[in-house]
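Colleague: I've got this model open and I'd like to learn how to read it. Could you walk me through a few features?

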Amino acid sequence: MASRTRKPAAVSTKRSAKALRRAQNQFPGGVNSPVRAFGNVGGTPRFIARARGAYLTDIDHNMLVDYVGSWGPMILGHADPRVVKALREAAGRGTSYGAPTEAESELARIIQSFFPSLEMMRFTSSGTEAAMGALRAARGFTGRDKIIKFEGCYHGHADYLLVKAGSGALTFGVPDSAGIPAAMAGLTLTARYNDAAHVEGLLKANAGEVAAVIVEPVAGNMGCVPPVPGFLESLRTLSRKHGALLVFDEVMTGFRVSAGGAQELYGIRPDLTCLGKIVGGGMPLGVYGGRREIMEKIAPLGPVYQAGTLSGNPMAVAAGIATLKQLRPSLYKRIDNYGERLEHGYRELLARHRLTAAFNRVGSMFTLFLGVGKVNSFETAARNDRDQFRRYFHRMLELGIYLPPSPFEAAFVSAAHGSREYQRTIRAADDALGLLNGA
Ligand code: PLP
């Protein structure tokens, strides 16, 4: 029998509801990025007033244990004093110059210490731009137009990357959003994640035409789905064999699943890598880079043009340096241990409440898929029970636990999460999961 946590007396969302009504007049859906609107779960998104450590405080003064972490960047927790200090100091020196700084090279050196495969790199202002830059570099370098991406993987909102699988095994992609010319989507081939044979088929059917295979080496945008053993190794072998570049989109996994990302964790060296999120310490910063001979194709050295007014912005670079300097083995031990305890705690609760679910986790990144026993692909992720998720999500939120408002997202632990947050989360999960089987 579940030990029910009583509904906290003071859960009010009046101010958030009012703020949403005003914002809906100003922004599509009242938000500046779609998933924030709670479209998958319904209800009122919380408007945030401030954040510190493992907690968000909304404008109704509710304090929430945060597992979204700004969708990944906040590995140190919110308002980390070292990052805040670095930002204050940087702001005092001016917020943007549009000219090179020594700090950019300092950040590049730190990145290279974690990611030796980035022999040369370019800074951008977002993960989307990093993926666009990497693929333009791949196309410029190989002289080929097509790319292979995976169903359920997200690489930002560039036209040719918002494509999901076509129906046939070897068909061209169809756009996943209005406003994308079919001709652009047609250059994107979509493969099944964790299915190397499918990739091989696409490479053979498009021999000499594929510039790059781009992959989230641990998928995070269909919920957390780790690669099956041998999958990434096969991508390395196959892309090399067919003259295509292997691009790891580590915008989410970089500095997350280990300090050196998935490429360190699984021991695979891609040709190009995209970084974002943690690398900017919560400020807008993306990075793409990799083999020197490829990156030497980028302007002004080479013919592949890519630029940005705020690229390498001094405040973003300062936040990035301050964050990456804290990424010691002890930090990963702490957040991975927390993830492991959470997984064990959830597994016990799921058994106790007799619920079918998959708890996927790599280190401090995890997703609970309700209503489906095993998730290793987009197809299996899509079988999750959305109604169960919606009820679970809202009960957790009522009890002060802020999870991603979609069953297709990964949640993140920060170094500021400790025993208190763990206990509170497990107590809430006991209650919320208990609701699902009517206990
Ligand atoms: N690539 C991956 C794997 C991501 O998870 C994201 C964003 O969630 C992006 C690229 C796009 O990054 P941004 O939102 O900074 O443009």
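Modeller: Sure. Keep in mind that this is a predicted model. Let's start with a sheet: an open one of three strands, ordered E13-E14-E16 and paired antiparallel.

Colleague: Which are the edge strands?

Modeller: Look for strands that pair on one side only; here they are E13 (357-362) and E16 (411-412). Strand E14, residues 365-370, runs antiparallel to E16 and is joined to it by two bridges. To find your place there, look for Met-365, which sits opposite Phe-412 of E16.

Colleague: On to cysteines. How many disulfides are there?

Modeller: To call one, you want two cysteine sulfurs within 2.5 Å. By that rule the count is zero.

Colleague: Why is there no bond between Cys-153 and Cys-224?

Modeller: Because the sulfur of Cys-224, the closest cysteine sulfur to that of Cys-153, is 12 Å away, too far for a bond. Cys-274 is in a similar spot: its closest cysteine sulfur is in Cys-153, 12 Å off, again too far.

Colleague: Are these two, Cys-153 and Cys-274, buried or exposed?

Modeller: Cys-153 is buried, at 5% relative accessible area, and Cys-274 also counts as buried, at 0%.

Colleague: And what about the nonpolar core?

Modeller: The general idea is that nonpolar side chains tend to be buried together in soluble globular proteins. In this model the largest nonpolar core has 74 residues, and Ile-111, Phe-255, Tyr-392 and Leu-433 have the most contacts inside it. A second, separate core of 30 residues includes Leu-202, Leu-203, Val-213 and Phe-231.

Colleague: What does Tyr-392 touch?

Modeller: Leaving out residues up to four places away in sequence, its contacts include Tyr-346, Leu-368, Leu-370 and Leu-433.

Note on methods: Residues numbered from 1 in each chain as written. Predicted model: local features only at pLDDT ≥ 70, side-chain atom pairs only at ≥ 80, totals over all residues. Heavy atoms only, no water. Pairing = 2+ DSSP bridges. Helix = DSSP H or I, 4+ residues; strand = E, 2+ residues; numbered from the N terminus. Buried < 20%, exposed > 50% of the residue type's maximum accessible area, 1.4 Å probe, protein only. Core = buried A, V, L, I, M, F, W, Y, C linked by side-chain atoms within 4.5 Å. Contact = heavy atoms within 4.5 Å.
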